[in-house]
Structure formats: C-alpha cells, structure tokens
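Colleague: I would like to go through this model before I use it. Please take the questions one at a time.

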Amino acid sequence: MPALALELEVARRIARQAGDLLLQVYATDFSVTNKAGGAGPVTLADERANAFIVGELRKAFPGDGVVAEETEDASDAKRFERCWYVDPLDGTQEFVNRNGEFAVHIGLAVEGRPALGVVYRAVGDVLYSGVVGGQGFVEDPQGRRVLRVSDVADPAALRLVVSRSHRSSATDAVVTRLGITREKESGSVGVKCGLLAEARCDLYVHASDKSYRWDNCAPEAVLRSAGGILTDLAGVPYRYDGSELQNRRGLLACNAAAFDQVLPVVSQVAREAGLLP
Ligand SMILES: Nc1ncnc2c1ncn2[C@@H]1O[C@H](COP(=O)(O)O)[C@@H](OP(=O)(O)O)[C@H]1O
Ligand SMILES: [Mg+2]
C-alpha cells in the first residue's frame, strides 16, 4: 500500500462530504458575521463544515492532532507528531460574494512538514489531492489527471494568480518588476495553488500577514506533489509544528523553474512593504 493511502482516502471522502455541506448552505439565504479583530467573515457553512471535518478526523485517526480555523488552537500541533490542518471554507468572502471560488482544505503535517493535502472546490466539483514525495491528482467532471506544475522559467512570461478580494498594493510592484503581463484573480489559497499544480498558472504571491497555516497546509502538499514550491516571502518553508499559526511573512507559491529568479524580487518587495525585516 502506498504511503498515507488510507489517510488520503479518508481525507478525500471527508472533503467531498464537507463540500456538500457548504453547498447546502450556499443554496440558502445565509447570514454573515464578521469575526473579531478584522479576521474576515464567517457563516453557518464555515461552522458546520468545521464541526463535521474535525469530528470525522478525530474518529478516523484518534492518535492525530487536529487544528481547524473555526476552533483555532495550536496545542494539538505541539503535542502530536501528526497533525491535520483544516480550513473548512477557504475563500469565505467569495462564498459570500457567490462566485464559486472557495474550497475545503484538509492537510496533514508530519513532524511539522506538510505530507498530504486535499483541496475540494465544491462549485465545479474539482478535487485536488496529493502526497508529498508521491503524486498529485485533479479530479473533475472531465476525469482524473496527474498534477504537474509548468516549466515556464522566464519571469516576464509567468502567469500570475492573486487574491480576488485581498489583493495588496505590493502585488503591483511584483508585476512591474518581473514584467508580468498575464494576471488572473481567484479566491481561496487552495484554488490558486491548484491552478499552479495543474500548470494553468505559474506564480502566486500573497503579500500580507493575514493568512494562517490552515490556509496553506493542504495547498502546499498538493503543490509539492506536483513539483511546485510554497514558502514565505523570504523563501523559507513554513513549519506546521504549532510554534505559530499566523503566516506573518506572506506566501510565495511558484513552479520550480522560475522560483530562484522570482524569489529575490518578491523578497525585496516584501521588505519594502514591511513584511520582512
Ligand atoms: N485582509 C486580508 N488580507 C489578506 N488576506 C486575508 C485578509 N483577510 C483574510 N485573509 C486570508 O486569506 C485567505 C484566503 O483569501 P483569498 O480567498 O483572498 O485568497 C482567507 O481565508 P478564509 O477565507 O478561509 O478566511 C484568510 O485567511
Ligand atoms: Mg482560509
């Protein structure tokens, strides 16, 4: 049996079921609450999917830790060698805006490193999954395909994907300095990393300190299974060991071919924006 095969099967099943829960709420006239401290919107869908996923993971893997966005608590990540990171609804703003660009994230970190990820975009029925060191797949109504990032190396030829609702002005500097001419907007960190893993985009920059490990654990595993890279804006991989949950140094996701050329430019922009010392 390949490594983490059972975990992958269970996570895929849970992500699809959680996606169905999201769609049930999506079909209603749901209300929106704003979280304290400007942490963004939350809906019944976030809460229901969070409770469902956490319950199912604890039942299936009682020896693992679980850290989830709506029950934010890093203590499991510190106590367990294996810890699941759950974002029940990544892209809540897009859920509220009803444009379909949101996803369920279920990632597993082992010894603080992402090992497995599932990202499920319920609208469109697109499921990305991957095991780091193994393979990644996308499954949608057109079928199942192996994930592989692009090999575009020329910075000016990179297809950039950025947040639809949280685009920062630092992104403009990245676009200008790299000479990028092709840019796409999408909600959800997972959906954006999925686009990179499918080679439909090449670069994703999140120039803020407002994302958290549940935003990037599953997306990083999917992207790495496809040969891509996800780090902070200084090029340092995040640790998923409970030492911190906030991604204070932003996110850089890229194909492997362009990473070395992109990194110094992105890091410089991040320093100027005060995200890096
Ligand atoms: N003002 C802000 N600026 C940047 N990122 C933000 C933000 N508010 C929330 N985020 C984070 O960015 C994540 C994905 O955003 P985007 O869809 O724009 O890529 C959000 O996940 P949630 O939607 O799960 O809260 C949230 O963690
Ligand atoms: Mg999120």
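Modeller: A residue counts as near a molecule if its C-beta atom, placed from the backbone, lies within 6 Å of it. Keep in mind that this is a predicted model.

Colleague: Which residues come nearest to ligand 1?

Modeller: The shell around ligand 1 holds 20 residues. Those that come nearest are Ser-163, His-166, Gly-187, Ser-208 and Lys-210.

Colleague: Which elements each supply at least two residues of that shell, and which class has eleven residues in it?

Modeller: The elements that each supply at least two residues are β4 (82-90), α4 (92-97) and β13 (211-212). By class, the shell around ligand 1 has three nonpolar and six charged residues, and the eleven others are polar.

Colleague: Where does ligand 1 lie with respect to the domains?

Modeller: The domain assignment gives domain 1 (5-146) and domain 2 (155-272). Both give residues to the shell around ligand 1, so the ligand lies between domain 1 and domain 2.

Colleague: How many residues of each domain are in contact with the other, and which element gives the most on the side of domain 1?

Modeller: The C-alpha centres of the two domains lie 19 Å apart. In contact are 42 residues of domain 1 and 29 residues of domain 2. Elements giving two or more residues to the domain 1 side include β3 (65-68), α3 (75-79) and β5 (103-110). With eight residues, the element that gives the most to that side is β6.

Colleague: How does that side of domain 1 divide by class?

Modeller: The side of domain 1 that touches domain 2 has nine charged and 13 polar residues. The nonpolar residues there number 20.

Colleague: Where does the largest nonpolar core lie, and which helix gives the largest share of it?

Modeller: This core has 81 residues, of which Tyr-85, Val-104, Ile-106 and Val-222 touch the most other members. Domain 1 and domain 2 both give residues to the core, so it lies between them. The largest share, seven residues, comes from helix α1 (residues 5-26).

Colleague: Which residues does Val-104 touch?

Modeller: Residues up to four places away in sequence are not counted here. Val-104 then touches Ala-15, Ala-18, Gly-19, Leu-22, Ala-49, Pro-88, Leu-89, Tyr-120 and Ala-122.

Colleague: How do β8 and β9 run, and what is the bridge partner of Asp-140?

Modeller: Four bridges join β8 to strand β9 (residues 143-146), and the two run antiparallel. They form a hairpin with two residues between them. In β9, the bridge partner of Asp-140 is Gly-143.

Note on methods
Residues numbered from 1 in each chain as written. Chains lettered and ligands numbered in written order. Predicted model: local features only at pLDDT ≥ 70, side-chain atom pairs only at ≥ 80, totals over all residues. Nonpolar A, V, L, I, M, F, W, Y, C, P; charged D, E, K, R; others polar. Domains from an automatic or database assignment. Contact = placed C-beta atoms within 7 Å. Core = buried A, V, L, I, M, F, W, Y, C linked by C-beta atoms within 7 Å. Buried ≥ 20, exposed ≤ 12 C-beta atoms within 10 Å, placed from the backbone. Pairing = 2+ DSSP bridges.
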